[in-house]
Amino acid sequence: MKKILAMVLFMGVVVLSACSEETTLYDEITEEGVLTVATSGTLIAASYYNDQDELTGFDVEVAREVGRRLGVDVKFEIMSVDGMLPAVDTGRVDLAANDFSATKNRKETFTFSEPYKYSYSTMVVRKVITLVCVLLKI
């Protein structure tokens, strides 16, 4: 887990610091002291509200750790998934953390960290339906 967080932090610093003499996003974040993160708060396991009505989840906790290691506060902006990437693109938020896949189209516009988790989606059906699928060979 420490290696994963270190890798994410390293990629974040690389992405945020760019290669120019101008003020970088990293400079702006550290000067302001706040990392603004878009998330939905509705994706169980990645970004959701627990029984105490606190925002949590794997992506949320990774973002908090990145902020801790950068020495800045983390401010979460709750928004719909379809608004997150435009919010990053316009600079409204610094990053989006909500189980995003690095698709070819997204890579043309955005910089992605190294993957820090791998998700494998599946469907769940009743055993009766599974038996029917086996019998029908589908």
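This passage describes the secondary structure, the salt bridges, the charged surface and two backbone features of a predicted model.

The protein chain of the predicted model contains six helices and six strands, and its elements follow one another from the N terminus in the order α-α-β-β-β-β-α-β-α-β-α-α. Of the 138 residues in the protein chain, 29% are buried.

Helix α4, which spans residues 81-90, shows how buried and exposed positions are distributed around a helix axis: Met84, Leu85 and Ala87 are buried in this element. When α4 is viewed down its axis, the buried residues fall within an arc of 155 degrees, and they therefore line one face of the helix. Asp82, Asp89 and Thr90, by contrast, are exposed, and these residues are found on the other side of α4.

Salt bridges were counted next, and the total comes to seven. One of them joins the side chains of Asp59 and Lys117, with an N to O distance of 3.4 Å. Because Asp59 belongs to helix α3 (residues 58-70) whereas Lys117 is placed in the loop between α5 (104-109) and α6 (127-136), this pair ties together parts that are 58 residues apart in sequence. The two partners can also be described by their accessibility: Asp59 has a relative accessible area of 1% and is buried, since it falls under the 20% cut-off, while Lys117, with a relative accessible area of 26%, is partly exposed. The pair is part of a wider arrangement, in which Asp59, Asp99 and Lys117 are linked in a network of salt bridges. The third member of this network, Asp99, is located in the loop between β6 (95-96) and α5, and its relative accessible area of 35% makes it partly exposed.

Helix α3 also holds salt bridges between residues of the helix itself. The side chains of Arg64 and Glu61 meet in one such contact, at 2.8 Å from N to O; both residues lie in α3 and are separated by three residues, about one turn of the helix. Arg64 is partly exposed at 31% relative accessibility, and Glu61 is likewise classed as partly exposed, having a relative accessible area of 36%. A second contact with this spacing is formed by Arg68 and Glu65, whose closest N and O atoms are 2.6 Å apart, and here too the two residues lie in helix α3, three residues apart, or about one turn of the helix. The partners in this salt bridge differ in their exposure, for Arg68 is exposed, with a relative accessible area of 55%, whereas Glu65 is buried, at 15% relative accessibility.

A further feature of the surface is a patch of negative charge, in which Asp27, Glu28, Glu31 and Glu32 gather. Among these residues, Glu32 is placed in helix α2, which covers residues 25-32. The relative accessibility of Glu32 is 59%, and the residue therefore counts as exposed, being over the 50% cut-off.

With regard to the backbone, positive phi values were found in two loop residues that are not glycine. For Ala45, phi is near 85 degrees, a positive value in a residue other than glycine. Ala45 is situated in the loop between β2 (42-43) and β3 (47-49), where it is partly exposed, with a relative accessible area of 48%. For Asp99, phi is near 65 degrees, again a positive value in a residue other than glycine. Asp99 thus combines this backbone value with a place in the salt-bridge network that also includes Asp59 and Lys117.

Definitions and conventions. Residues are numbered from 1 along each chain as its sequence is written. This is a predicted model: local features need pLDDT of at least 70, side-chain atom pairs count only at pLDDT 80 or more; totals for chains, interfaces and linings use all residues. Side-chain values use heavy atoms; hydrogens and water are left out. Patches are made of residues with over 30% relative accessible area and no salt bridge: like charges are joined within 9 Å, nonpolar side chains (Val, Leu, Ile, Met, Phe, Trp, Tyr) within 5 Å. Accessible areas come from the Shrake-Rupley method with a 1.4 Å probe; for residues, only the protein chains shown count as cover. A salt bridge is a side-chain nitrogen of Lys or Arg within 4 Å of a carboxyl oxygen of Asp or Glu. Lys and Arg count as positive and Asp and Glu as negative; His and the chain ends are not counted. The place of a charge is taken as NZ of Lys, CZ of Arg, CG of Asp or CD of Glu. Helices (H or I, at least four residues) and strands (E, at least two) are DSSP runs, numbered from the N terminus. Buried means under 20% relative accessible area, exposed over 50%, partly exposed in between (1.4 Å probe, protein chains only). The arc is that of the directions from the helix axis to the C-beta atoms.
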